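Please open the model in your viewer and keep the sequence panel visible beside it. The stops below say what to select next and what is there.

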Amino acid sequence: MVRRLIIFQVAVLLLAWSTCSTAAAINLEDKLQQLTDTFTRFKEEMEGKQPRLQAEVSELKAKVTGLEAQLHRQESIVTSLQNPTPFVPKSVNEIQSKLINGMPSSCVDLRLIGHIWSGLYSVMGVNMVETVYCNFSKAIEDPGLQKWIGYTDVKSVPVYFYVQKGTNFNLTNTPIPFERVMNNVGNAMNIDTGIFTAPVTGTYFFAVSGMVVFPFTDAPTTRREIGLALYSNGNEIGLALSDEVGTTEQFGTYDMESTLNLKSGDQVWLAIKYKSADTYVFDNFQHHNHFTGWLLQQDFVNSV
């Protein structure tokens, strides 16, 4: 009886162990399958993300390359500012041959003497100062290096005057003097002699105007006249004519303007070229006769 009981208990234990082993095996198989499915999904996701990740990596590499190039440019600029090493041709004479009286005439000249910053610059043109835009990111032989902007109104000395008379004058072929100075910047006008002397080579503007008197005459049909001329170095530039017909004393007027190209030292004056008897330039405290002029544009090539 006891033996049968022991055998029965052993059988029950074996059955229980067998059942547990089967359940454990099934559980392991499920977990393995889950792991396999998880790995498969992870692999598929990684394979799907790989092109995007590769694109992001390429983009990051490009940005790093750009930042490195920018850093290199900035380091080059700092180095150039700290230790300037301008690009120069084979000889100093080649630089000097491109300059006019030591003044750069183009963006190429500016680049050759060390300028590196793009912007507006003044250069020496054919006969005056000009403004150009230099794009120094361009090569010297590139037409885009220079863009012409316009002329620059530069004068080494300011020159302008305005003088008036205060007395009558009747001498012919003699510079008319003036008694009153309103402006004489540059001191180019000598009122005692009535002669203007150009201090620099350039283009000048002049204007004269005034009043003359035709005195009484017994001949009613006689034509009375006076001609006032503007002279440059003794050469007549223009003539202002005033005339009247009649017996009574009469007043007349004259005026003239001129734009002249003068060299340094050239002289300009106003004079009576011819006149009828007793005719004269009239003036008094009211100042009727005027002479004015100024430097319009300086010719730097021939004056500096």
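**First stop: a small sheet and a surface patch**

Select I149, which lies in strand 3 (residues 146-151), strands here being DSSP runs (E) of at least two residues, numbered from the N terminus. The model is a predicted one, in which local features need pLDDT of at least 70 and side-chain atom pairs count only at pLDDT 80 or more, while totals for chains, interfaces and linings use all residues. Residues are numbered from 1 along each chain as its sequence is written, and side-chain values use heavy atoms, with hydrogens and water left out.

I149 is partly exposed, at a relative accessible area of 44%; buried means under 20%, exposed over 50%, and partly exposed in between (1.4 Å probe, protein chains only). Add L120 and Y133 to the selection, and you have a nonpolar surface patch with about 290 Å² of accessible area together. Such patches take residues with over 30% relative accessible area and no salt bridge, nonpolar side chains (Val, Leu, Ile, Met, Phe, Trp, Tyr) being joined within 5 Å, and the areas come from the Shrake-Rupley method with a 1.4 Å probe.

Now show the open sheet of 3 strands, which has the order 1-2-3 with antiparallel pairing, two strands being paired if DSSP finds at least two bridges between them. Strand 1 (119-124) and strand 3 stand at the edges with a single partner strand each, so one side of each is left without a neighbour in the sheet. Between strand 2 (residues 129-134) and strand 3, which run antiparallel, there are 5 bridges, and T131 stands opposite G150 in strand 3.

**Second stop: the sheet of 5 strands**

Move next to the open sheet with the order 6-7-12-9-10, whose pairing is antiparallel. Its edge strands, strand 6 (189-190) and strand 10 (235-245), each pair on one side only. Strand 9 (residues 223-232) and strand 12 (residues 267-275) are joined by 7 bridges, and I226 has K275 in strand 12 as its bridge partner.

**Third stop: salt bridges**

How many salt bridges does the structure hold? There are 4, each a side-chain nitrogen of Lys or Arg within 4 Å of a carboxyl oxygen of Asp or Glu. Select E236 and K273, whose closest N and O atoms are 2.7 Å apart; this pair links strand 10 to strand 12, 37 residues apart. Finish with E179 and K165, which meet at 3.1 Å, N to O: E179 is partly exposed at 38%, whereas K165 is buried at 1%.

Notes
Patch = residues over 30% accessible without salt bridge, like charges linked within 9 Å, V, L, I, M, F, W, Y side chains within 5 Å. Helix = DSSP H or I, 4+ residues; strand = E, 2+ residues; numbered from the N terminus.
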